[in-house]
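Trainee: Pick one strand pairing and take me through it closely. Then work outward from there, one step at a time.

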Amino acid sequence: MNETFISDKNGYYGEFGGAFVPEMLRQNVESLRAVYYNIIESAEFKKEFNMLLRDYAGRPSPLFFANRLSNKYGAKIYLKREDLNHTGSHKINNTIGQILLAKKMGKTRIIAETGAGQHGVATATVCALMGMECVVYMGETDMVRQEPNVKRMEILGARVVPARCGNKTLKDATNEALRDWICNPENTFYIIGSVVGPHPYPDMVARFQSVISEELLTQLSVKEGNEDPDYIIACVGGGSNAAGIFYHYINRKNVKLVGVEAAGEGVNTARTAATISVGEPGIIHGCKTLLMQNEDGQITEPYSISAGLDYPGVGPLHAWLAKTGRADYLNVTDKKALTAAYELIRLEGIIPALESAHALAALGKLNFKKTDIVVVNISGRGDKDMQAYIEAKKMFK
Amino acid sequence: MNRIEKLFKTKKKNILSIYFTAGYPELNHTLSIIRELDKSGVDMIEIGIPFSDPVADGPVIQRSSEKALHNGISLTLIFEQLARVREITDLPLIFMGYLNPVFKFGFENFLHKCSETDIDGTIIPDLPVEEYRKSYESFFEKYNILNIFLISPQTPNERIGYLDSIAKGFLYMVSTTSTTGATNNFDDSQMTYFKKINNLNLKTPRLIGFGISNKVTFNQACDYSNGAIIGSAFIRSLDEDGTLPETIHRFIGQIRD
């Protein structure tokens with residue numbers, strides 16, 4: 001089996017990827033594809049991108065040795081603290097990259113979709129920084145459960161437009177953003193928040209997020225005298241934080257890569273978002289990947305307590321990593337994620353995002369040796385999830 | 001000869017093609033709508049295969065698709081409903097739908113069933129021409145089904161030339177940078193676009209779609225093409241007072257009168 005994990009010129013990772021867009025969007029996607037690689041790999045772009053990551057987003061994000069968590073699981077557990085970035089998650093890495101690209105391409109208006117609101121906030125933030133008009137599509141259900149982020153986006157000057165179709169979550173917000181792009185092809189740049197969508201988005205977003213694993217190489221070699229951990233664990237909705245922390249390790253086969261999906265109420269129930277477990281090949285939002293669908297090819301509604309993981313597709317890179325066996329994909333339920341969040345809060349004094357809590361919950365599912373070095377990506381902080389944590393408090397003394 | 005090719009060979013102007021969503025407003029209206037459209041004198045019929053996530057469609061077709069799926073429509077059921085469609089019409093019939101339901105059904109299986117059912121063509125907006133040529137063109141040829149390509153105001157001239165050179169049947173010319181939906185008027189930039197394309201003297205016939213809702217927009221479109229496609233406005237008319245035959249004949253009458 002071909003085991004190249006960089007997409008080919010048509011955006012394929014093995015059988016997954018591509019650019020399945022209607023003719024109305026083709027020119028937008030094509031003009032982006034034609035320029036993105038040369039721009040983002042240019043010295044001038046990298047200089048500005050790296051400056052903003054450092055001075056604006058606050059990178060590098062720390063690598064923290066979690067002593068009490070390590071004692072509990074019998075391994076050396078490190079946390080990659082993406083939660084400490086400006087705006088509170090890894091999403092800012094990508095939005096800085098894409099808005100610089102949008103400016104270089106002469107675009108003046110930015111659109112984005114958001115689930116938990118972290119990508120929406122990160123987009124609204126860079127739009128304020130660059131003085132660009134910003135419209136964020138968000139499912140109406142998500143606007144209720146992640147209300148603080150709606151307010152943050154509005155304060156930052158973005159217009160938040162509710163998506164009212166379907167389950168009114170991330171999938172529906174993405175549909176609306178794509179429709180907006182069809183209607184406004186000239187001046188608008190679509191900042192997609194994950195490693196999903198038509199080529200070149202999955203590759204481009206993975207490249208912007210790869211700063212996470214690039215830093216990890218250095219940080220681990222300083223702390224452990226070895227760039228390679230035994231395990232890297234990250235949550236997967238679309239899969240951008242996982243793509244970012246896996247990136248430089250994909251061809252280092254001695255490092256076990258573990259993605260963690262949201263099982264919702266369980267993979268054997270209809271209320272789940274564990275796409276790699278229950279999905280089948282298909283086409284969603286411009287790319288061929290695994291997706292949750294019924295026997296008629298209608299995309300089914302996912303469910304997770306975590307709005308950021310509540311997506312019926314998954315990035316084509318992850319579909320390919322799963323198919324080739326290069327990465328393992330586990331899933332954890334809402335309840336397990338909440339338990340893991342409380343565990344981190346009480347053992348280490350860190351309140352993680354509900355998304356990141358899924359990655360933490362995988363610690364209990366893996367058998368470590370005492371000497372194993374394990375890195376968990378804490379993709380975001382839990383401020384937006386306080387309501388869920390307060391409601392769950394009675395479960396935890 | 002395929003019925004689509006035959007139509008464009010015998011009729012050069014004012015071709016009217018009507019799109020409707022299978023399973024809407026009621027699950028079993030598919031054949032009745034086709035029968036009445038045939039009687040009312042339209043030239044071609046596009047049967048919409050509903051999809052959960054129709055990104056190229058505006059609110060009217062989104063809603064009709066959602067309702068049709070809620071009614072219980074599926075691709076399998078559509079084929080069952082159409083099993084004897086050739087007893088009621090000899091018009092060219094085209095399936096219009098998104099890629100995923102077709103992909104899930106199995107592409108060759110889908111075309112085989114199309115051929116059995118005597119469907120003449122498909123319009124699959126999110127199947128790019130490049131993917132079509134790479135993976136599916138041979139199946140279309142095997143079953144003599146025409147896959148119709150779209151061009152939009154964003155399509156560069158060079159690509160229009162390329163699409164024209166490989167197109168079969170007709171080119172579906174999207175009138176505007178917009179999702180589907182009715183408008184009452186074409187603006188100056190659209191008229192400029194229509195003229196520009198008309199002056200390219202393409203070899204393939206063209207139908208203009210998106211935003212055509214009434215006699216005025218239909219005639220404007222026909223001035224610069226071989227005809228036009230109406231979807232959203234027709235679907236909306238199905239909700240008006242009257243029986244299905246009454247509403248359909250009234251709507252087509254207003255366009256054609």
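**From one strand pair outward**

Mentor: Start in chain B, where β1(B) and strand β2 (residues 44–49) run parallel and pair over five bridges. One of the matches to look up is B:Phe20, whose bridge partner in β2(B) is B:Ile47. Keep in mind that this is a predicted model, and that local features are given where pLDDT is at least 70.

Now widen the view to the sheet. It is open, has nine strands and pairs in parallel throughout the order β5-β4-β3-β2-β1-β9-β8-β7-β6 of chain B. Which strands stand at the edges? They are β5 (146–147) and β6 (149–151) of chain B. Each has a single partner strand, so one side of each is left without a neighbour in the sheet. Helix α1 (residues 3–10) of chain B packs on this sheet. The helix touches β1, β2, β3 (93–97), β4 (121–123), β5 and β8 (206–209) of chain B. Its direction makes about 145° with that of β2(B).

Follow the chain on from β1 (15–21) of chain B, and the loop towards α2 (30–40) holds B:Pro25. The peptide bond from B:Tyr24 to B:Pro25 is cis, with omega near -5°. Most peptide bonds are trans. Chain A has a cis bond too, from A:His199 to A:Pro200, with omega near 15°. A:Pro200 sits in the loop between β8 (188–190) and α9 (201–209) of chain A.

One more backbone detail in chain A. A:His285 is not a glycine, yet its phi is positive, near 45°. A:His285 lies in the loop between β11 and β12 of chain A. Those two strands come back when we reach the interface.

Next, the sheet of chain A. An open sheet there has six strands in the order β3-β4-β14-β9-β10-β13, with mixed pairing. Its edge strands are β3 (63–65) and β13 (327–333) of chain A, each pairing on one side only. From one strand to the next, the twist averages 25°. At the β3(A) edge, three bridges make the link to β4 (residues 76–81) of chain A, and the two strands run antiparallel. A:Leu63 stands opposite A:Lys80 in β4(A).

Now the contact of the two chains. Chain A puts 34 residues into the contact and chain B puts in 40 residues. Together the chains bury about 2,900 Å², with 53% of it on carbon and sulfur atoms. Which three residues supply the most of the area that chain A buries? A:Glu23, A:Met24 and A:Arg179 do, at 23% of the area that chain A buries against chain B.

Charge also figures here. Side chains of opposite charge can pair when their charged atoms come close. Four salt bridges are found across the interface of chain A and chain B. One of the salt bridges in the model joins A:Glu280 to B:Lys104, with 3.9 Å between the closest N and O atoms. The cut-off is 4 Å, so this pair counts, but with little margin. The interface also has 17 residue pairs in polar contact, both residues being at pLDDT 80 or more.

Which elements of chain A do the touching? α1 (23–40), α8 (170–183), β11 (280–284) and β12 (287–291) of chain A each supply at least two residues to the side that touches chain B. α8(A) gives the most, with seven residues. By class, that side of chain A has 15 nonpolar, nine polar and 10 charged residues.

Last, salt bridges beyond the interface. Over all chains, the whole structure has 49 of them. One links the side chains of A:Glu147 and A:Lys151, at 3.6 Å from N to O. Both residues lie in helix α7 (residues 147–155) of chain A. They are four residues apart, about one turn of the helix.

Notes. Residues are numbered from 1 along each chain as its sequence is written. Chains are lettered from A and ligands numbered from 1 in the order in which they are written. Side-chain values use heavy atoms; hydrogens and water are left out. Contact means heavy atoms within 4.5 Å. Buried area is the accessible area (1.4 Å probe) that two parts lose on being put together, summed over both. A polar contact is a pair of N or O atoms within 3.5 Å; within protein, one must be able to donate a hydrogen and the other to accept it, and residues adjacent in sequence count only if both atoms are side-chain atoms. Ala, Val, Leu, Ile, Met, Phe, Trp, Tyr, Cys and Pro count as nonpolar, Asp, Glu, Lys and Arg as charged, and the others, Gly among them, as polar. Two strands pair if DSSP finds at least two bridges between them. Axes are lines fitted to C-alpha atoms, for helices over the stretch in contact, and angles run from 0 to 180 degrees between N-to-C directions.
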